[in-house]
Amino acid sequence: MSESTNDASTAKETVGRYGVWSVGLRSEDPSRHGEIAEAAEELERLGYGAAWLGGSSAPRHALPLLAATSRLTVGTSIQSIWQYEAEESAAAFAEVESAHAGRFLLGLGVSHAKLAEQYRRPYSALVAYLDALDKAGVPAGRRVLAALGPRTLELSRDRAAGSVPYLVTPSTRRVPARSWAKSRCWHRSSRSSWRRTRPRPALWPARTSRCT
């Protein structure tokens with residue numbers, strides 16, 4: 001089995017089958033950390049394996065959730081590569097890892113041109129960013145990429161644990177099998193089935209996610 005296959009398998013075991021995506025699970029306001037911690041505790045009790053921090057999140061936003069739980073995996077979904085230098089991201093990852101080993105996933109993406117003035121050659125920029133993370137010692141198996149197109153999907157297969165596409169439809173799964181061969185993670189575009197079967201947590205999630 002290849003190293004990338006091992007990375008993907010480990011990540012899927014870590015996040016479990018179901019997770020929650022929500023902008024409400026992160027905040028710059030310290031007064032909300034208690035509320036966020038309570039929501040994380042409840043999600044863990046309900047059996048969710050992962051919480052994905054929506055919007056332009058960073059590793060520091062994962063700390064209140066990780067501190068309040070013992071098993072929940074927390075990931076950024078996503079952190080823009082234009083917002084933080086790779087070395088800065090690597091240092092933040094190391095800080096979270098030292099406090100909560102094996103429970104954080106660094107979700108990265110190129111964002112959108114209208115949101116980043118320095119937006120240029122996004123694919124090449126993402127590759128260079130991953131190169132810098134490699135050099136800084138951030139394991140490929142502990143990062144995931146926002147990926148929709150074939151090239152970025154293949155990059156998520158070869159240089160990360162998998163992909164975290166956003167607001168996709170079932171037809172997304174019809175992409176070439178080789179692009180998804182090692183790991184398939186996606187955020188569901190509807191929460192209706194989740195609402196019928198799960199009690200309401202303290203912070204209502206915007207999306208549920210599933211990995212198979």
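The second largest pocket in this predicted model has a volume of about 160 Å³. Its lining brings together Ile81, Trp82, Gln83, Tyr84, Glu85, Ala86, Gln118, Ala125, Ala128, Tyr129 and Ala132. If you sort those residues by character, you get eight nonpolar, two polar and one charged. Which helix gives the most to this lining? That would be helix α5, residues 122-136, with four residues. As background, a probe the size of a water molecule, rolled over the atoms, shows where empty space is left.

**Salt bridges**

Helix α5 turns up again once you look at charged pairs. Side chains of opposite charge can pair when their charged atoms come close. The count for this model is seven salt bridges, and here are three of them, with the closest N to O distance for each.

| Basic residue | Acidic residue | N to O distance |
|---|---|---|
| Arg32 | Glu35 | 3.3 Å |
| Arg159 | Asp131 | 2.9 Å |
| Arg143 | Asp134 | 2.6 Å |

Start with Arg159 and Asp131, whose closest N and O atoms sit 2.9 Å apart. Arg159 lies in helix α6 and Asp131 in helix α5, so this pair ties together parts that are 28 residues apart in sequence. Is Arg159 buried or exposed? With a relative accessible area of 19%, Arg159 is buried, because the cut-off for buried is under 20%. Its partner Asp131 is partly exposed, at 39%.

Now for Arg143 and Asp134, which form a salt bridge with 2.6 Å between the closest N and O atoms. Arg143 is buried, with just 1% relative accessibility, whereas Asp134 is partly exposed at 36%. Salt bridges that share partners join Asp131, Asp134, Arg143 and Arg159 into one network.

The pair of Arg32 and Glu35 is bridged through the side chains, at 3.3 Å from N to O. Arg32 counts as partly exposed, with 22% relative accessibility. Glu35 also falls in the partly exposed class, at 36%.

**Around helix α6**

Helix α6 covers residues 150-159, and Ser156 is one of its residues. Ser156 is buried, its relative accessible area being 3%. What does Ser156 touch, leaving aside residues up to four places away in sequence? The answer is Leu145, Ala147, Ala161, Gly162 and Ser163.

Leu153 also has its place in helix α6, and with 1% relative accessibility it counts as buried. Leu153 and Ser163 are ten residues apart along the chain, and 6.7 Å separates their C-alpha atoms. So Ser163 comes up twice here: as a contact of Ser156, and as the other end of that C-alpha distance from Leu153.

**Strands β1 and β2**

How enclosed is strand β1, residues 18-22? Four of its five residues are buried, so β1 is largely enclosed by the rest of the structure. It pairs with strand β2, residues 50-54, in the parallel sense over four bridges. If you want a spot to look at in the viewer, try Trp21, whose bridge partner in β2 is Trp52.

**Backbone details in two loops**

Two places in the backbone deserve a look. One is the peptide bond from Ser77 to Ile78, which is cis, with omega near 0°. Ile78 is found in the loop between β3 (73-77) and β4 (79-80).

The other is Arg121, which has a positive phi, near 40°, in a residue other than glycine. Where is Arg121 found? Its place is the loop between β5 (104-109) and α5. Arg121 is exposed, with a relative accessible area of 64%, whereas Arg143 is buried at 1%.

**The whole chain**

Stepping back, the secondary structure comes to eight helices and eight strands. Buried residues make up 49% of the 212 residues in the protein. As for contacts between residues at least 6 apart in sequence, 65% join residues at least 24 apart.

Conventions: Residues numbered from 1 in each chain as written. Predicted model: local features only at pLDDT ≥ 70, side-chain atom pairs only at ≥ 80, totals over all residues. Heavy atoms only, no water. 1 Å grid on protein atoms, 1.4 Å probe; cavity = no way out; pocket = protein on both sides within 12 Å on 5 of 7 lines; lining within 4 Å. Points joined across faces, edges and corners; volume = space filled by probe spheres on them. Nonpolar A, V, L, I, M, F, W, Y, C, P; charged D, E, K, R; others polar. Buried < 20%, exposed > 50% of the residue type's maximum accessible area, 1.4 Å probe, protein only. Contact = heavy atoms within 4.5 Å. Salt bridge = Lys/Arg side-chain N within 4 Å of Asp/Glu carboxyl O. Pairing = 2+ DSSP bridges.
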